[in-house]
Amino acid sequence: MKKEDKVNVIAQIGEVIKEYSHFYLVDVTAMNSAATNTMRAKCYKQEIKMLVVKNTLLKKAFEASEVDYSPLFPCLKGTTALLLCNTANAPAKLIKDVAGKGEIPALKGAYAEESFYVGAEQLDALINIKSKNELIAEVVALLQSPIKNVVSALQSGGNTIHGVLKTLGER
């Protein structure tokens, strides 16, 4: 590969990394081409972009970035696939699902929610990361809970002040 081509590829990798807020480094050395294609199709269905990249080019793209990705440099060994997405836990769930079916993608490291996760043992922690929409749904549910209690108390108390106070007092 010519030097100009490498510079272009590094720039393209850098642009792709900027597009997505989270990415995972996955070891796909033990996967054959059929398993890799199956994983690529699953990634596409879940809006995860999968790129198989050269470690040296990826490292250069990391170095050229505004963010300090140096904690991930030790992960750049072997065959590396880059899984990029905007939902922090989607690739972790996909890796666990694919690994459970006998195929062997292994997590090397990840950059999710502005934090670094290095090593395959971090997979469960990454699965448990909640997305922005999941957190908003939990907050809304927590806010609705007291309102539902008051409404049910009003309905069960016979719509009288005495009944409402009695029902609330019993709870």
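Two strands count as paired if DSSP finds at least two bridges between them. Keep that rule at hand for the exercises below, which work through a predicted model.

**Exercise 1. Decide whether strands β4 and β5 pair, and describe how they are connected.**

Step 1. Find the strands: β4 covers residues 106-112 and β5 covers residues 115-118.

Step 2. Count the bridges. Four bridges join β4 to β5, and the rule asks for at least two, so the strands pair.

Step 3. Check the direction: β4 and β5 run antiparallel. As an example of residues facing each other, A110 stands opposite Y117 in β5.

Step 4. Look at the link. Two residues lie between the strands, and β4 and β5 form a hairpin.

**Exercise 2. Find what is unusual about the backbone at E113 and E47, and classify how exposed each residue is.**

Step 1. Start with the background: most residues other than glycine have a negative phi.

Step 2. Compare E113. Its phi is positive, near 50°, although E113 is not a glycine. E113 sits in the loop between β4 and β5, in the turn of the hairpin you have just met.

Step 3. Compare E47. This residue is not a glycine either, and has a positive phi of about 60°. E47 belongs to the loop between α2 (33-45) and β2 (49-53).

Step 4. Classify them. E47 has a relative accessibility of 69%, so it counts as exposed, the cut-off being over 50%. E113 has a relative accessible area of 40% and is therefore partly exposed.

**Exercise 3. Work out the surroundings of T80.**

Step 1. Place the residue: T80 is part of strand β3 (residues 80-85).

Step 2. Is T80 buried or exposed? Buried means under 20% relative accessible area; T80 is at 0%, so it counts as buried.

Step 3. List contacts, leaving aside neighbours within four places in sequence. Among the residues that T80 touches are L25, V26, L51, V52, V53 and K108.

Step 4. Pick out N55, another of these contacts. The side chains of T80 and N55 make a polar contact at 2.6 Å.

**Exercise 4. Describe the two largest pockets and compare their linings by class.**

Step 1. Take the largest pocket, with a volume of about 180 Å³. Its lining includes K18, S21, H22, F23, E66 and Y111. The elements that give two or more residues to this lining are α1 (3-19) and β1 (22-27).

Step 2. Sort that lining: six residues are nonpolar, three polar and three charged.

Step 3. Turn to the second largest pocket, which holds about 150 Å³ of space. S21, H22, E113 and N133 are among its lining residues. Helix α6 (residues 132-156) gives the most to this lining, with three residues.

Step 4. Sort this lining too: two residues are nonpolar, six polar and three charged.

Step 5. Zoom in on K18, a lining residue of the largest pocket. K18 lies in helix α1 and is exposed, because its relative accessible area is 54%. K18 and E66 are 48 residues apart in sequence, with 9.6 Å between their C-alpha atoms.

**Exercise 5. Summarise the whole chain.**

Step 1. Count the elements: there are seven helices and five strands.

Step 2. Read their order from the N terminus: α-β-α-β-α-β-α-β-β-α-α-α.

Step 3. Add the burial: 37% of the 171 residues count as buried.

Step 4. Finish with contacts between residues at least 6 apart in sequence: 73% of these join residues at least 24 apart.

Terms used
Residues numbered from 1 in each chain as written. Predicted model: local features only at pLDDT ≥ 70, side-chain atom pairs only at ≥ 80, totals over all residues. Heavy atoms only, no water. Buried < 20%, exposed > 50% of the residue type's maximum accessible area, 1.4 Å probe, protein only. Polar contact = N/O pair within 3.5 Å; in protein donor to acceptor, adjacent residues only side chain to side chain. Contact = heavy atoms within 4.5 Å. 1 Å grid on protein atoms, 1.4 Å probe; cavity = no way out; pocket = protein on both sides within 12 Å on 5 of 7 lines; lining within 4 Å. Points joined across faces, edges and corners; volume = space filled by probe spheres on them. Nonpolar A, V, L, I, M, F, W, Y, C, P; charged D, E, K, R; others polar.
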